[in-house]
Structure formats: C-alpha cells, structure tokens
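Biologist: I am new to reading helical models. Please take me through one part slowly, and then link that part to its surroundings.

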Amino acid sequence: MQEARAPTHEERVVRLYREYGPAVYRRCLRLLRDSEAARDATQEVFVKLLRDMGKLASRDTALPWIYRVATNHCLNVRRDARRHGERAGDDALDLAPAAPMPYPERRLAREVLARFDSQTQAVAVGVLVDGMEHEELAAALGISRRTVHRKLTRFLDRARALLAGGEP
C-alpha cells in the first residue's frame, strides 16, 4: 500500500485556481472593466500565488489572501495605466450599479480615490462599490474589522472635504 503524498505547490495552485479562479476573474473584471485585462490579472494573481505559496499557512487563509492580491493587483494596473495616459476601466467605479453615474461623476470618483493608498482604495471599493460587509472585507484583505471601519471613515471624511473644495 502506497502512502498518500502531499500535493505539490503547483497541484495546490491548480486546485485553488479551479475553486477560486471564477471569483477572482469576476473581481478583476469588476475593477478593470475589460475582459482581456481581467483574464491577464487573474493569471497574474495565480502566478503570484505560485511564487508566494508559503504565505498560505492553511486552506482557511487562501481566499482572503487571493482576494487581497487580486484587488491590489487590479488597483495597481489601474494606477499604472493612468500614469501612462491609458484608459483604465472608466466604468470601474460605478458606485450605483443599478444606475451608473454620468461620466463627470465617475471621473471625479476616480480622482478622489486616487488620492489614497491601495489598502484604503480596496476598503472603499469593497464597501462602497462591491457592497461587502466590514467583517467580510476584513477577512478578504487580511486586516481587522476595526481597520476597515477606520480606513472607511477616514476615506469618507477626506473625500467629503475634497469634494467641498478643501484639501484636508
């Protein structure tokens, strides 16, 4: 009788891709609003997972870590595209999905969001765009619920000040 061997890193990533790939793709598509860019981003997330397999201490931590990597990767893609003068998913910040904002409001939302670090952007997008609960987002980003609340409160306060014409 043969002993069952532990799966290799590559085999584990393949299983995680089969299980979570569609959710990661949907997240990337939501942020990038381009199916080709979302496919590329999804692939990059799983390549990073393969490189950083040691960060997955247990199966319970897989989805939050993968989701956090996907969110940060997509926000970085958007920021880099903006820096190079490319369009970066102009519709990605439609804060009211049932009734998309007109272009000037989307542009303003993107400009306000760009003034924050990537983790604060992920919190704002997670809560305000994706409608995630604080606990759910905290688990996905690997931070505390209190940190989510604090970052969201600071984001909203500073965004209101920016929109009122003052620089906080």
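The request and the reply below deal with how helices meet and which charged side chains pair up.

Biologist: Please look closely at the pair α1 and α3. At what angle do the axes of helix α1 and helix α3 cross? Which residues make the contact? Then show me the salt bridges too.

Modeller: One caution at the start: this is a predicted model. Let us begin with the two helices. Helix α1 covers residues 9–32, and helix α3 covers residues 62–83. Their axes come within 10 Å and cross at roughly 30 degrees. Angles under 35 degrees count as roughly parallel, and therefore α1 and α3 are roughly parallel to each other. The crossing of α1 past α3 is right-handed.

Now the residues that touch. On the α1 side they are L16, Y20, V24, R27, C28, L31 and L32. On the α3 side they are A62, L63, I66, Y67, A70, T71, C74, V77 and R78. Sort this contact by class and you get 13 nonpolar, one polar and two charged residues.

Next, turn to helix α2, residues 35–51, where T42 lies. Is T42 buried or exposed? Its relative accessibility is 4%. Buried means under 20%, so T42 counts as buried. Set aside its neighbours within four places in sequence, and T42 is in contact with Y17, G21, V24, Y25 and C28. Look for V24 and C28 again: both are also among the α1 residues in the contact with α3.

Stay in α2 for the salt bridges. A search of the whole structure finds four of them. One joins E36 and R39, with the closest N and O atoms 2.8 Å apart. Both residues lie in helix α2, three residues apart, which is about one turn of the helix. E36 counts as partly exposed because its relative accessibility is 44%. R39 is partly exposed too, with a relative accessible area of 40%.

Back to α3. Here the side chains of R83 and D80 meet in a salt bridge, at 3.9 Å from N to O. R83 and D80 both lie in helix α3 and are three residues apart, about one turn. R83 has a relative accessible area of 59%, so R83 is exposed. D80 is at 33%, so D80 counts as partly exposed.

Helix α7, residues 145–163, holds another pair, R160 and D157. Their side chains meet in a salt bridge at 3.5 Å, N to O. The spacing is three residues, about one turn of the helix. R160 is exposed at 53%, while D157 is partly exposed at 46%. As for shared partners, salt bridges join R79, D80 and R83 into one network.

One last stop in α3 is N72. N72 is partly exposed, with a relative accessible area of 23%. How far apart are N72 and Q119 in sequence and in space? They are 47 residues apart in sequence, yet 7.5 Å apart in space, C-alpha to C-alpha. N72 touches S118 and A122, not counting residues up to four places away in sequence.

To retrace the route: α1 and α3 cross at roughly 30 degrees. T42 of α2 is in contact with V24 and C28, among others. Follow α3 along to N72, and then to the salt bridge of R83 and D80.

Note on methods
Residues numbered from 1 in each chain as written. Predicted model: local features only at pLDDT ≥ 70, side-chain atom pairs only at ≥ 80, totals over all residues. Heavy atoms only, no water. Helix = DSSP H or I, 4+ residues; strand = E, 2+ residues; numbered from the N terminus. Buried < 20%, exposed > 50% of the residue type's maximum accessible area, 1.4 Å probe, protein only. Contact = heavy atoms within 4.5 Å. Axes fitted to C-alpha atoms, helices over the stretch in contact; angles between N-to-C directions. Parallel < 35°, antiparallel > 145°, perpendicular 65-115°, else oblique. Left-handed = near helix turned anticlockwise from the far one by under 90°. Nonpolar A, V, L, I, M, F, W, Y, C, P; charged D, E, K, R; others polar. Salt bridge = Lys/Arg side-chain N within 4 Å of Asp/Glu carboxyl O.
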